[in-house]
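Reader: Please take me through the packing inside this model, one part at a time. Which contacts and pairings matter to your description, and by what cut-offs?

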Amino acid sequence: MVKYISGLNGIRAIAVLLVIISHRFPKDHFLNTFPLGNYGVDIFFVLSGFLISRSLFYQISKTSISNVEIIKKFFFRRFLRIFPIYYLLLLFMLLTSGIIGNQFKENFLWYFFYGANYLNYYEDKWFGALAHLWSLSVEEQFYIFWPVLLLFVFKNRIFSLICLLVIVGTVYPFFLNENTNILTLSCVNALGIGALLAYIEIVNKNHTILFNKTLSVIFIPVFLMLFLNKLVVLIPFFSERLAISILAVSIISYCRYRPDSFLVAKILSNKVLNFIGIISYGVYLYHNIVPKYWVWGLKKMGMFTPATNYEFSYLEILIQTLFIIGLSYLSWIIIEKPTLKLKERI
């Protein structure tokens, strides 16, 4: 079995909190000087690429399981992890579509079949409380083609496939408009960077030292370029997603190979971040939808405040976030944890 890695829940927690900050505070707020929501999503992409590739690489190189069995096992585990609370949420929103609005009923099939990113792209707009579902669509689309490419097309050329993903994902957005960033081909560089770390860990361990030294050398320059591009001058053909992916994979690698360090053991593994990280899927899924029902409840009670125009006070943002964490915890206990136990047993 692949080794458990400390600190990853802390990274998940930070990623989802970045997304919440981005969606709660006005665009002109100083906290939104940087597109924190985009950064949080990209961190999730890197984590997903790393973790699912890690499992697949282990089965490909360390076990005698057939390709068909690996595929079946992979899709069944993904089904148990992702689908239950996602489709229950879709059902709840469908039954209360007058509240959620955002043309949800008209576009229901897009969400049902994980096509939200293409819906947003073709309509050239965001659908309010449902806007964040685009990233879940990207991940699900990646989960469909990634194991098939690995097992049936590039099984003996995994490194070449990863390099192709990073190149395509980095170059593709520059050929179309800004909305292209939400299409799957524009996100595969982040997923591929995560897969690269898994490849180094599982398949090509001889390059571990070189890989980590390279990350340590480029971390600061990439970090500075990110700030320079946003605050000083636009760097031609600079990919923020690639930069964030490099920073994210550096920290994930640090967690993998330096588990006893202060950053990993004391900060990323602290109880609060670990708790939020465990329930982060639910937090991400619910965080943009809860405010819609929050405002509906205020109006029902006749409480017309700035919040009814989605201008939340700091106190309301805090209360909402705590409520979302509580809701996600209930979701974890009642739905996610039992299905995960079933997944591990199977």
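**Inside the fold**

Author: Ile-162 is buried, with a relative accessible area of 1%. Buried means under 20% relative accessible area, exposed over 50%, and partly exposed in between (1.4 Å probe, protein chains only). This is a predicted model, where local features need pLDDT of at least 70 and side-chain atom pairs count only at pLDDT 80 or more, while totals for chains, interfaces and linings use all residues. Residues are numbered from 1 along each chain as its sequence is written, and side-chain values use heavy atoms, with hydrogens and water left out.

Ile-162 lies in helix α8 (residues 158–171). Helices here are DSSP runs (H or I, at least four residues), and strands are such runs too (E, at least two), numbered from the N terminus. Ile-162 and Ile-193 are 31 residues apart along the chain, yet their C-alpha atoms are separated by 7.6 Å. Leaving aside residues up to four places away in sequence, Ile-162 touches Phe-57, Trp-146, Gly-192, Ala-195, Leu-196 and Tyr-199. Contact means heavy atoms within 4.5 Å.

Two of those partners lead on to the core. Phe-57 and Trp-146 are among the residues with the most contacts inside the largest nonpolar core. The others on that list are Tyr-86, Met-93, Tyr-111 and Leu-285. This core has 104 residues, and its largest share, 13 residues, comes from α2. A nonpolar core is a set of buried Ala, Val, Leu, Ile, Met, Phe, Trp, Tyr and Cys residues joined through side-chain atoms within 4.5 Å.

Take Tyr-111 next. Beyond residues up to four places away in sequence, Tyr-111 touches Tyr-86, Leu-90, Phe-104, Ala-116, Leu-119, Phe-127, Leu-130 and Leu-133. Tyr-111 also belongs to one aromatic cluster, together with Phe-76, Phe-79, Phe-83, Tyr-86, Tyr-87, Phe-104, Phe-108, Phe-112, Phe-113 and Tyr-114.

Now the rings. Rings of Phe, Tyr and Trp (its six-membered ring) pair if their centres lie within 6.5 Å; planes under 30 degrees apart count as stacked, over 60 as edge-to-face, and the rest as tilted. The count comes to 30 aromatic pairs. One of them, Phe-83 with Tyr-114, is stacked: 5.8 Å centre to centre, with 25 degrees between the planes. This pair links distant parts of the chain, 31 residues apart. Phe-83 sits in helix α3, while Tyr-114 sits in the loop between α5 (108–112) and α6 (116–123). Both Phe-83 and Tyr-114 are buried. Phe-142 and Phe-145 have ring centres 5.3 Å apart and planes at 85 degrees, so this pair is edge-to-face. The two are three residues apart in helix α7 (residues 133–152), and so are separated by about one helical turn. Their exposure is not alike: Phe-142 is buried at 0% relative accessible area, whereas Phe-145 counts as partly exposed at 26%.

Charges come next. Side chains of opposite charge can pair when their charged atoms come close. The structure holds six salt bridges. The criterion is a side-chain nitrogen of Lys or Arg within 4 Å of a carboxyl oxygen of Asp or Glu.

Arg-241 and Asp-42 form one of them, at 2.7 Å from N to O. That pair spans 199 residues, from Asp-42 in helix α2 (residues 36–62) to Arg-241 in helix α11 (residues 240–257). Arg-241 counts as buried because its relative accessibility is 12%. Asp-42 is buried as well, at 3%.

Arg-54 pairs with Glu-201, and their closest N and O atoms are 2.7 Å apart. Arg-54 belongs to helix α2 and Glu-201 to helix α9 (residues 184–202), 147 residues apart. Both are buried. A network of salt bridges links Arg-54 and Glu-201 with Arg-256.

Arg-81 and Glu-336 make a further bridge, with closest N and O atoms 2.9 Å apart. Here the separation is 255 residues, between helix α3 (residues 67–95) for Arg-81 and helix α16 (residues 314–345) for Glu-336. Both of these residues are buried.

Finish at Tyr-257, which touches Glu-201. Tyr-257 is placed in helix α11 and counts as partly exposed, at 27% relative accessibility. Besides Glu-201, Tyr-257 touches Leu-197, Thr-208 and Asn-212, residues up to four places away in sequence not being counted. Tyr-257 and Thr-208 are 49 residues apart in sequence, and 9.5 Å apart from C-alpha to C-alpha.
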